[in-house]
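These are my notebook entries on a structure that I looked up residue by residue. I set down each item in the order in which I consulted it.

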Amino acid sequence: EADLVEGRRHKELTTTEQILAVTSAAITWLKKQNQHSKITVIGFCFGGHAALITSTLPVVSSTFDFYGAGVSISRPGGGPPSLELLPTVSGELTCLCGTADPLIPESDRRAIKEALKKEDPEGERLTYIELESADHGFMCEQRSSFNAEASELGWGLLLEKLNA
């Protein structure tokens, strides 16, 4: 419990500018290692929210936001909701949410789905996947919310993209 409190404290101190600075530096380093590599960003929970923000960097080819809570109602450090950044996403973005996730209520899931559809009506780059009965943390085998079926689907989509 103390670790969760400490983690949330750090999350509350994090800004969008910090997320972009750190991920830009990491991507610059990766590109120096292999100039031809495609950049895929992956994040879970607050990391999913950070991944969505990072998807705005032009060098990012694909992003997976696994249960990134808060994207429809907030932005790290303040400002309009992170979903308002969607017009600046140049690569592919996949958002996966579970219907039983208390951190992403139905109203938030609907807002995410509608924003992605508005920005990319044909769903060619921006994809929303809602997993029935999946709770927050459904990908983590160490959590009581682990959902084998949802996890298999999530990992499968990610691995398919990484192996393409």
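**Entry 1. Ile42.** I began with the surroundings of Ile42 and listed its contacts, setting aside neighbours within four places in sequence: Ala51, Phe64, Phe66 and Leu158. I note here that the model is predicted. Ile42 belongs to strand β1. Is Ile42 buried or partly exposed? Its relative accessibility is 37%, so I entered Ile42 as partly exposed, given that buried requires a value under 20% and exposed one over 50%. I also looked up a pair that includes Ile42: Ala148 is 106 residues away from Ile42 in sequence, and the C-alpha atoms of the two are 19 Å apart in space.

**Entry 2. The whole chain.** I then turned to the fold. I found five helices and four strands in the protein chain. Their order along the sequence reads α-α-β-α-β-β-α-β-α. For overall dimensions, I recorded that the C-alpha trace spans about 40 × 35 × 30 Å along its principal axes. What radius of gyration would a compact globule of 164 residues have? The expected value is near 15 Å, and the protein chain has 15 Å, so the two agree.

I noted that 39% of the 164 residues count as buried. Of the contacts between residues at least 6 apart in sequence, 58% join residues at least 24 apart. The accessible surface of the protein chain is about 9300 Å², and carbon and sulfur atoms account for 54% of this area. On charge, I recorded 15 positive and 23 negative side chains, with 6 Å between the centres of the two sets.

**Entry 3. Helix α3.** Ile42 touches Ala51, and Ala51 is one of the buried residues of α3, which led me to this helix. How many of the nine residues of helix α3 are buried? Seven of them are, and helix α3 (residues 46–54) is therefore largely enclosed by the rest of the structure. I listed the buried residues of α3 as Gly48, His49, Ala50, Ala51, Leu52, Ile53 and Thr54. Against which elements do they pack? I found α2 (16–33), β1 (39–44), β2 (60–66) and β3 (92–98).

**Entry 4. Thr54.** From helix α3 I selected Thr54. Thr54 has a relative accessibility of 2% and therefore counts as buried. Not counting residues up to four places away in sequence, Thr54 touches Ile19, Leu20, Thr23, Ile27, Val41 and Val60.

**Entry 5. Ser62.** I next examined Ser62, which has its place in strand β2. Its relative accessibility is 3%, so Ser62 counts as buried. With which side chain does the side chain of Ser62 make a polar contact? I found the side chain of Thr40 as the partner, at 2.8 Å. Beyond residues up to four places away in sequence, Ser62 touches Ile39, Thr40, Val41, Glu92 and Lys161. Val41 appears in this list and also among the contacts of Thr54.

**Entry 6. Cys97.** In strand β3 I looked up Cys97. Its relative accessible area is 2%, and Cys97 is therefore buried. Once residues up to four places away in sequence are left out, the contacts of Cys97 are Ile104, Arg109, Ile112, Tyr128, Ile129, Glu130 and Leu131. I also recorded the separation of Cys97 from Ala69: 28 residues in sequence and 8.8 Å in space, C-alpha to C-alpha.

**Entry 7. Backbone at two loop residues.** I closed with two residues that have a positive phi without being glycine. Cys45 has a phi of about 60 degrees and is located in the loop between β1 and α3. Tyr67 has a phi of about 40 degrees and is located in the loop between β2 and β3. Which of the two terms, buried or partly exposed, applies to Cys45? Its relative accessible area is 30%, so I entered Cys45 as partly exposed. Tyr67, by contrast, has a relative accessible area of 4% and is therefore buried.

Key
Residues numbered from 1 in each chain as written. Predicted model: local features only at pLDDT ≥ 70, side-chain atom pairs only at ≥ 80, totals over all residues. Heavy atoms only, no water. Rg over C-alpha atoms; globule rule 2.2 N^0.38 Å. Buried < 20%, exposed > 50% of the residue type's maximum accessible area, 1.4 Å probe, protein only. Contact = heavy atoms within 4.5 Å. Areas by Shrake-Rupley, 256 points an atom, 1.4 Å probe, with all protein chains shown as cover. Lys, Arg positive; Asp, Glu negative; His and termini not counted. Charge placed at Lys NZ, Arg CZ, Asp CG, Glu CD. Polar contact = N/O pair within 3.5 Å; in protein donor to acceptor, adjacent residues only side chain to side chain.
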